[in-house]
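Trainee: I have a structure to go through and would like to reason about its helices step by step. Could we look at it together?

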Amino acid sequence: MSSESKEQHDLSPRDSTEGDDSSPSGIHLEVQRESSTDFKQLETNDQCRPYRRILIECQEKSDTNFKEFVIKKLQKNCQCSPAKAKNMILGFLPVLQWLPKYDLKKNILGDVMSGLIVGILLVPQSIAYSLLAGQEPVYGLYTSFFASIIYFLLGTSRHISVGIFGVLCLMIGETVDRELQKAGYDNARSAPSLGMVSNGSMLLNHTSGRICDKSCYAIMVGSTVTFMAGVYQVAMGLFQVGFVSVYLSDALLSGFVTGTSFTILTSQAKYLLGLNLPRSNGVGSLITTWIHVFRNIHKTNLCDLITSLLCLLVLLPTKELNEHFKSKLKAPIPIELVVVVAATLASHFGKLHENYNSSIAGHIPTGFMPPKVPEWNLIPSVAVDAIAISIIGFAITVSLSEMFAKKHGYTVRANQEMYAIGFCNIIPSFFHCFTTSAALAKTLVKESTGCQTQLSGVVTALVLLLVLLVIAPLFYSLQKSVLAVITIVNLRGAFRKFRDLPKMWNISRMDTVIWFVTMLSSALLSTEIGLLVGVCFSMFCVILRTQKPKSSLLGLVEESEVFESVSAYKNLQTKPSIKIFRFVAPLYYINKECFKSALYKQTVNPILIKVAWKKAAKRKIKEEVVTLGGIQDEMSVQLSHDPLELHTIVIDCSAIQFLDTAGIHTLKEVRRDYEAIGIQVLLAQCNPSVRDSLTKGEYCKKEEENLLFYSVYEAMAFAEVSKNQKGICVPNGLSLSSD
C-alpha cells in the first residue's frame, strides 16, 4: 500500500466505526450522552463536534470514448465462433434444445390427447372465425395449420395454443371490408361467399393488374395485413421494444376484449337471423349494424333462426357442463364438432338451402393453394391497421405464455415469443393465411387435457391436415348460422368479466374505470380507436395518480427505528419541534405545487409566518412612534420575532422515485422559505437517482454536508443534537461530493 493511500486509509471515518456492530439507536444514545456531558465544554471552547455518520465513496467513473465504446460493442457482437453460432441457432429454434431430450413414456400420451382434442375443436372454430375475418373457411384452416407448425419450431411455451383469435379476426375483417369498398367490389350483396367461386363482382384488380374476384381480393388484403403485422412483431423483437406491452395493462386488455366481443356479437347477428346486410365499418359501426338489423328484421329467415336457437340450446348448456366438471372430465365434450356434423347432415338431407334459401358455407377445396407473395401495393393502405393488430397479438401471446410458465414452473423468453408469433404471421402470409396469436380458451383446453410440450401442436396440425386433404368438402351444406352460434358461444368468457366488476371495484377503482372506458370505446367507436383511447386513458390515470399523491406526517413506532403515518396508526411518538413529512410520488413539474401545498398545510406555512412577522413589525414601529417617553408597549414586543417551536422538518424521500428540474427547484424553494423563518430542512432516504439529481442540480454546496441522511432516524437524531447545541457547528449527513 502506498503512503498516500495509507494516509487516506488512516484518516477515513470508516475506521472509527469498523467492527462496531451497534445499531443507529446505540449511536443516538451515545450522542445524547456525549452532548449532555460535554455541552458546557463545547460552549466555552466554541468548537465543532462532529456527529458520527455513515460515509460511502462514489466509484470513479472511467472516461470512455464514445468511438471506443461503439467499436468494442461491434467487435463483441460481430465476432463469430462455432459456440456462438450454435447458441444462436439453438436460441432461435428452441425445438432443437428440448426435442432431443423428449421423454416419450412420460409425455407422449398427454401431448397426443391434447393435440387431438384441440385439433377437433379448431376445425369448426377455424371455419367460423373465417366468416368473422371476411374470408373463406379454407383460409381459416390454413391459418391454424401453419401457426401450429411454426410455433412448435420457434415457441418457448409448452402449453399455449397459437391459432385464430376472435379479436384479431374482427380487426382483420374490418380492414378487409374497408379495402373491398375502396376497390369497388359490390359490398351491398351478400357477405363474401364461402365458396371458392364468389357471388360478388368479378373486377379487374387495379393494384395487381389482373382479374381477381371478391374472395381473391379479400385474402390478398388479409395476407398483406398479416405480413405487415408479423414484420412489426419481429422488428419489436430485434430492437427489444417489448416494453410497449407494459402500456397494455390487464384491466385495459380485459376491457378491450369485452368491448370487441360486443362488436363480434353484433357482426354475427345477421347470420343468426339469416339477413342479407352490408357490414358496417368505421366509428359507431355497432350502433349502425343494429339499426340495419332492426330495420330488416321482418326479412328474417325462419330456417336460420330456428337452427340458431337449436344450436344455442345445445351448445350453451354443454359448454357450461364442460366448464363445471372440467376437473372430473379427462377431456371436454367436443360439442362444437358434434353440432357441426349434425347440422351439416340435417342441412344436406333436408335440402335447407334449396327449399328455404338458407345461407350455407359452400364448396371448400381440398389440398393447398400455391404460395403467393403479399400485395406490396396494399402496404401503404394497411400499414397503420397492422400496428394495432401486431401489438394486441404479441401482448396476448406473451402474457399467456408467461402466465402458464409460472403456473407450471418453467421459464419462457419474451423476446423469443415475439419472434415466434412474428414468424407465425410472416411465413403463413405467403400461404393465404391471416393473423394469429395465442388464445386463452384453447390454451385452457390444451392444458386441462394433459399437454406437456409443444409436440401437441404437431398433432393438432395433423388433424387439420386430414381435414384439409380429405374431409373439408363434406362441410359444403353447413349453415352460416351454425358458425355464427359457435363464434358467439365462445364469447362467454369475455362477457363473464361483468361478474368480476364488484371485486375489481373493491381492489382498484382506477382499474375499473380504465376497464369501462376501454370497453365502451372499443364497442361504441371502433376496435383501433378503442385501443388507442384505452392506452391514452390508462396513461392519463398514471399521471393523475402522481398529480395528487398521498402525503402524511410520520411518527416513530415505540422501541424501534420505524416511522409510520400518524393518520393511519395509533401510539406513534412525535415531537412538536420536529416534523417528518412523506411524499408518495415522484416530484416533478406536474405535482410540484401539490407537494408544496401539502407540506405547508401539514407543517407550517413559512410565507404566512413571514407576512405575520412583517405586519407585527409595522405595528411595532407605529406603536413606538406613538409611545411617549420611550415607554414601549408590552404587547408589541410579544408580536415581534418569537422563535418557533418547530425547528426542523425532515422530508422522507424514500417514495420519491425521481426528480426533474422543477422538482429540484421546488426543494430549493422550500428550503429557502423555511430557513427564512429559522427552520432547517433535512432530506432522508434518497435513492441514488434522487441523490444524483440533487448533485447535478446543486441542491447542496460543498460545505453543506448536513442536509442528506440515509435514514429518517439519523435525520431526527441529528435534528435533536443540532437544537441542543445551537450555535455550534455540527457537520453531518450524506455528502454529495464525489471527491
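**Helix crossings and buried positions**

Mentor: In this predicted model, helices α9 and α10 are oblique to each other.

Trainee: At what angle do the axes of α9 and α10 cross?

Mentor: Angles from 65 to 115 degrees would count as roughly perpendicular and those over 145 as roughly antiparallel, with the rest, apart from those under 35, counting as oblique. The axes of α9 (residues 166-183) and α10 come within 9 Å, and they cross at roughly 130°.

Trainee: How do the residues of the contact of α9 with α10 divide?

Mentor: On the α9 side the contact includes Ile172, Val176 and Leu180, while on the α10 side Tyr217, Val221 and Val225 are among the residues met. The residues of this contact divide into 8 nonpolar, 3 polar and 2 charged.

Trainee: Is methionine 220 buried or exposed?

Mentor: Methionine 220 is found in α10, which covers residues 214-238. Since buried means under 20% relative accessible area, and methionine 220 has a relative accessible area of 3%, this residue is buried.

Trainee: How far apart in space are methionine 220 and glutamate 375?

Mentor: In sequence, methionine 220 and glutamate 375 are 155 residues apart. From C-alpha to C-alpha, their separation in space is 6.5 Å.

Trainee: Which helices do the buried residues of α19 pack against?

Mentor: Helix α19 has 17 residues, 455-471, and reaches 23 Å from its first C-alpha to its last, close to the 24 Å expected. Its buried residues include Leu455, Val459, Val463 and Val467. The buried residues of α19 pack against α6, α7, α8 and α18.

Technical notes
Residues are numbered from 1 along each chain as its sequence is written. This is a predicted model: local features need pLDDT of at least 70, side-chain atom pairs count only at pLDDT 80 or more; totals for chains, interfaces and linings use all residues. Side-chain values use heavy atoms; hydrogens and water are left out. Helices (H or I, at least four residues) and strands (E, at least two) are DSSP runs, numbered from the N terminus. The expected span of a helix is 1.5 Å times one less than its number of residues. Buried means under 20% relative accessible area, exposed over 50%, partly exposed in between (1.4 Å probe, protein chains only). Contact means heavy atoms within 4.5 Å. Axes are lines fitted to C-alpha atoms, for helices over the stretch in contact, and angles run from 0 to 180 degrees between N-to-C directions. Ala, Val, Leu, Ile, Met, Phe, Trp, Tyr, Cys and Pro count as nonpolar, Asp, Glu, Lys and Arg as charged, and the others, Gly among them, as polar.
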